[in-house]
Amino acid sequence: MQEVEGPGPVLLLEPFFGGSHKQLMELLVRDSDWTLWTLPPKKWHWRARTSALVYSQTLPRVHQYRVLFCSSVLNLAELVALRPDLARLKKVLYFHENQLLYPRQKEQHRDFQYGYNQVLSCLVADQVVFNSLFNLNSFLDSMKSFLKQIPDSRPQDLQDLQTSIRNKSRVLYFPLELPDVSRFLPPHKLTRSRTSPDRSPDRSPDRSPSSESERSEPVRPLHLVWPHRWEHDKDPELLFLTLRRLKERGLDFRVSVLGERFSQVPEVFAEAQELLKDHILHWGFVQSKDDFYRVLSQSDLVLSTAKHEFYGVSMLEAVHCGCFPLVPDALVYPEIFPAQYRYRTPEQLCKRLSRFCRKPQLVRQHSVQMDLQRFSWTSLRPQFMELLSAPPPAPPPVLPSSFSTDSEGPHSDL
């Protein structure tokens, strides 16, 4: 367990200190005097099952905390039951993802307990915060059907439970750092960012550019990047099936497959690495953030094939680095990405990528029409500071007038 200790009133707990969970906590603790306790980002199933007990034994019992902020990986209900002193704090629960909607390869493999723990954590929290409206609505809309899986002796008044959670829930987007990446950008992206030639919604990337300068640009193969966890819920099968179809059609392209991998990697990655070896520029997780931004900046198009996504940090970081986004017309994506960047079917995805492979200048000359500032730490920081503001200390108890605070004890006329 790692600790960043500060004298401030806020206690930050992250039992899975990796990826976006790590990014958020580092932002919160960077400019504050708050205390952060973390556990390594390994075997999240076991973190969800056992981290409450670990924290209950490790956190100091003498403290001045007034606010507790944690991700929904932690079973908050267990923690406050084990540590009643923490139950008195203002408890804020942040959802990066929810387990009620997590896709399983086989339904019988679904572990009911993970989602149930999140429901209980919501009930004991004072405020529940989701990183997107899709995350909030999908959790609350799925709650009743989820709890009806209980075979008997079910909780009563499910509508009331749902309403009680909704009444203390809100959306606060995950905050992005948007650093200056100009040193990584190729010349055509630098030129595009300075000139911003056409930001009209009517300018479609599927229409051929008409100017002579656009037609005379040297044509390099389209470079697409897939920056996601190497797990089945990101649907790597669809990614590699689509790339195989492009290859079979004789289309030239380059691909960078980034993202974290864990102990169990879907077999399709090894198969695809061999099949696409002549097209691969980067393969595997990039440790350095600068190196990650460099790969994104050198890419033309960023692709999501996800079946499970509640926000998509790496997709927005890629857009910040000048990539054209292609995302499913589902999940959180309609909330964030305009319609021209969404595809509805695998066939539509393949068709659009085929066109971009033939004419990569279509995406290279396109200025993505999204305002990323609304997702930036600069814009969202005041809301997080307000969310984690400490309530005033409780006033001392008022003693009855017949009692005295001196050492002689209560007065008596007898």
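I begin with one ion pair: the side chains of Asp252 and Arg254 meet in a salt bridge at 2.7 Å, N to O. By salt bridge I mean a side-chain nitrogen of Lys or Arg within 4 Å of a carboxyl oxygen of Asp or Glu. Asp252 is partly exposed at 37% relative accessibility, and Arg254 is partly exposed at 25%. For these words the cut-offs are as follows: buried is under 20% relative accessible area, exposed is over 50%, and partly exposed is in between, with a 1.4 Å probe and protein chains only.

Before I continue, a word on the source. This is a predicted model, in which local features need pLDDT of at least 70 and side-chain atom pairs count only at pLDDT 80 or more, while totals for chains, interfaces and linings use all residues. Residues are numbered from 1 along each chain as its sequence is written, and side-chain values use heavy atoms, with hydrogens and water left out.

How confident is the predictor? pLDDT is its confidence in each residue, from 0 to 100. The mean pLDDT of the protein is 90, and 86% of its residues reach 70 or more. Two stretches call for caution. Over residues 210–215, pLDDT stays under 50, and the model has five contacts there beyond four places in sequence; a contact is a pair of heavy atoms within 4.5 Å. Over residues 402–414, pLDDT also stays under 50, with seven such contacts. Where pLDDT is low, the predicted coordinates should not be read in detail.

I return to the charged pairs. The whole structure holds 20 salt bridges. One of them joins the side chains of Lys91 and Asp126, at 3.2 Å, N to O. Lys91 lies in strand β5, residues 90–95, and Asp126 in the loop between α5 (112–124) and β6 (127–130), so this pair ties together parts that are 35 residues apart in sequence. Helices (H or I, at least four residues) and strands (E, at least two) are DSSP runs, numbered from the N terminus. Lys91 is buried, with a relative accessible area of 7%, whereas Asp126 is partly exposed at 37%.

A further bridge is formed by the side chains of Arg342 and Asp329, at 2.6 Å, N to O. Here Arg342 lies in strand β13 (residues 342–343) and Asp329 in the loop between β12 (324–328) and α14 (333–336), so the pair ties together parts that are 13 residues apart in sequence. Arg342 counts as buried at 18%, and Asp329 as partly exposed at 29%. In addition, Arg30, Asp31 and Glu177 are linked in a network of salt bridges.

Next, the interior. A nonpolar core is a set of buried Ala, Val, Leu, Ile, Met, Phe, Trp, Tyr and Cys residues joined through side-chain atoms within 4.5 Å. The largest one has 85 residues, and those with the most contacts inside it are Leu12, Leu28, Phe69 and Leu388. Which residues does Leu28 contact, leaving aside its neighbours within four places in sequence? They are Leu12, Trp34, Phe69, Trp377, Phe384, Met385 and Leu388. A second, separate core of 33 residues includes Leu39, Leu59, Leu140 and Ile165.

On cysteines, the count of disulfides is zero, taking a disulfide as a pair of cysteine sulfur atoms within 2.5 Å. Cys70 is buried, with a relative accessible area of 0%, and Cys122 is buried at 0%.

I close with Thr378, which is found in helix α17, residues 377–387. Thr378 is exposed, at 68% relative accessible area. Its C-alpha atom is separated by 8.9 Å from that of Leu178, 200 residues apart along the chain.

Terms used: pLDDT is the predictor's confidence in each residue, from 0 to 100.
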